[in-house]
Amino acid sequence: MKKVLQGIGSLWLVLVMVSLKPAYAKDIGPFYGHDKRRVADWIKLYERPGRRNWQKPELVMANLRITPGQSIADIGAGSGYFTVLFSKAVGPQGRVLAMDIKQAYLDYINQRIKRDKLDNISLQLIGPDDPKLAEASQDLVFFCNAWHFVEKRGPYLKKLYRALKPGGKLVIIDFGLKKIPFGPAYENRLPKAQLIQEAQLQGFKPWAEYYFLPYQYFVVFKKAD
Ligand SMILES: C[S@@+](CC[C@H](N)C(=O)[O-])C[C@H]1O[C@@H](n2cnc3c(N)ncnc32)[C@H](O)[C@@H]1O
């Protein structure tokens, strides 16, 4: 009898887990897998010194051609790997918005802000489908390794287009389908051709593309002047 009850108990648990999973997966989308690792461990990974060899942050920054006083939104900012570089590039008259769907990342960036006195960075917790940026407020909207997490890309791109100033840029650096030893699962990656097609549908003009990153594509779109 005890075994029968235990069996019913296990079956109930399995049924509950199965019935909960689709709703959970639907809410979190491709980002679901990220919850298997602690944010602190992801931060270590994003900030690992070896990343510099393939992320080439100085070369990325040089090609973004940021000028002092600009406003930049770093969406999916994570540990702030690029946020802190933007902070220096825009200077005291500029503004950097570090945005993420996870408060723990913003808390980490906040520690960096306090430690390094980066007064021109603001933090914002956002939902997965809308960064709620004000109309014509940004010179540059930047995603590094984060765009593939966005599920409703068409409506999201429309919001980004509105948020850019005339002549403003949307920059997306992300993992393509190239076989590399790490990065997101292949089924969660967004091919570059699809990104370009989706962005063009929302009015973005592909403006530049850089090929010096060995593992990622680097595409710059522009809003018409
Ligand atoms: C792989 S990390 C990249 C972090 C940082 N951009 C970098 O290059 O190191 C992806 C980040 O995107 C965030 N993210 C996931 N889905 C998002 C969404 N829909 N909107 C904004 N951020 C999202 C995650 O919380 C995480 O911080």
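## A walk through a seven-stranded sheet

The chain holds eight helices and seven strands. What you have before you is a predicted model, so let us begin with how far it can be trusted. The mean pLDDT over the chain is 87, and 84% of the residues score at least 70. Among the elements of the chain, strand E1 has the highest mean pLDDT, at 99, while helix H1 (residues 2-28) has the lowest, at 42. The pLDDT is below 50 over residues 10-33, a stretch that has nine contacts in the model beyond near neighbours in sequence. Where pLDDT is low, the predicted coordinates should not be read in detail.

Now for the chain as a whole. Of its 225 residues, 32% count as buried. Among contacts with a separation of 6 or more, 70% come from residues 24 or more positions apart.

The sheet makes a good place to start the tour. Its seven strands form an open sheet in the order E3-E2-E1-E4-E5-E7-E6, and the pairing is mixed. Strand E3 (121-125) and strand E6 (205-210) are the edge strands, each pairing on one side only. On average, and ignoring direction, neighbouring strands of this sheet are turned by 20° against each other.

Let us step inwards to E1 and E4. Strand E1 (residues 71-75) pairs with strand E4 (residues 138-144) in the parallel sense, over three bridges. Here Ile72 stands opposite Leu140 in E4. Helix H7 (residues 153-163) packs on the sheet, where it touches E4 and strand E5 (164-175), and its direction makes about 140° with that of E5. Helix H8 (residues 192-201) also packs on the sheet, touching E5, E6 and strand E7 (216-222); the direction of H8 makes about 10° with that of E7.

Strand E7 deserves a pause of its own. Which sense does the pairing of E5 and E7 have, parallel or antiparallel? These two strands pair in the antiparallel sense, over seven bridges, and Ile172 stands opposite Val219 in E7. E6 and E7 run antiparallel as well, joined by five bridges, with Phe221 in E7 as the bridge partner of Pro206. The link from E6 to E7 is a hairpin through five residues. E7 is also mostly covered, with six of its seven residues buried.

Two loop residues next catch the eye. Lys132 lies in the loop between E3 and E4, and its phi is near 50°, a positive value in a residue other than glycine. Asn145, in the loop between E4 and H7, likewise has a positive phi, near 55°. Where do they stand in terms of burial, buried or exposed? Lys132 counts as exposed because it has 10 C-beta neighbours inside 10 Å, and the limit for exposed is 12 or fewer. Asn145 is buried because 20 other C-beta atoms lie within 10 Å, and the limit for buried is 20 or more.

The tour ends at the ligand. There are 20 residues around the ligand, and those that come nearest are Gly76, Gly78, Pro128, Cys144 and Phe149. What classes make up this shell? The shell has 14 nonpolar residues, four polar ones and two charged ones.

Terms used:
Residues numbered from 1 in each chain as written. Predicted model: local features only at pLDDT ≥ 70, side-chain atom pairs only at ≥ 80, totals over all residues. Pairing = 2+ DSSP bridges. Helix = DSSP H or I, 4+ residues; strand = E, 2+ residues; numbered from the N terminus. Axes fitted to C-alpha atoms, helices over the stretch in contact; angles between N-to-C directions. Contact = placed C-beta atoms within 7 Å. Near = placed C-beta within 6 Å. Nonpolar A, V, L, I, M, F, W, Y, C, P; charged D, E, K, R; others polar. pLDDT = per-residue confidence, 0-100.
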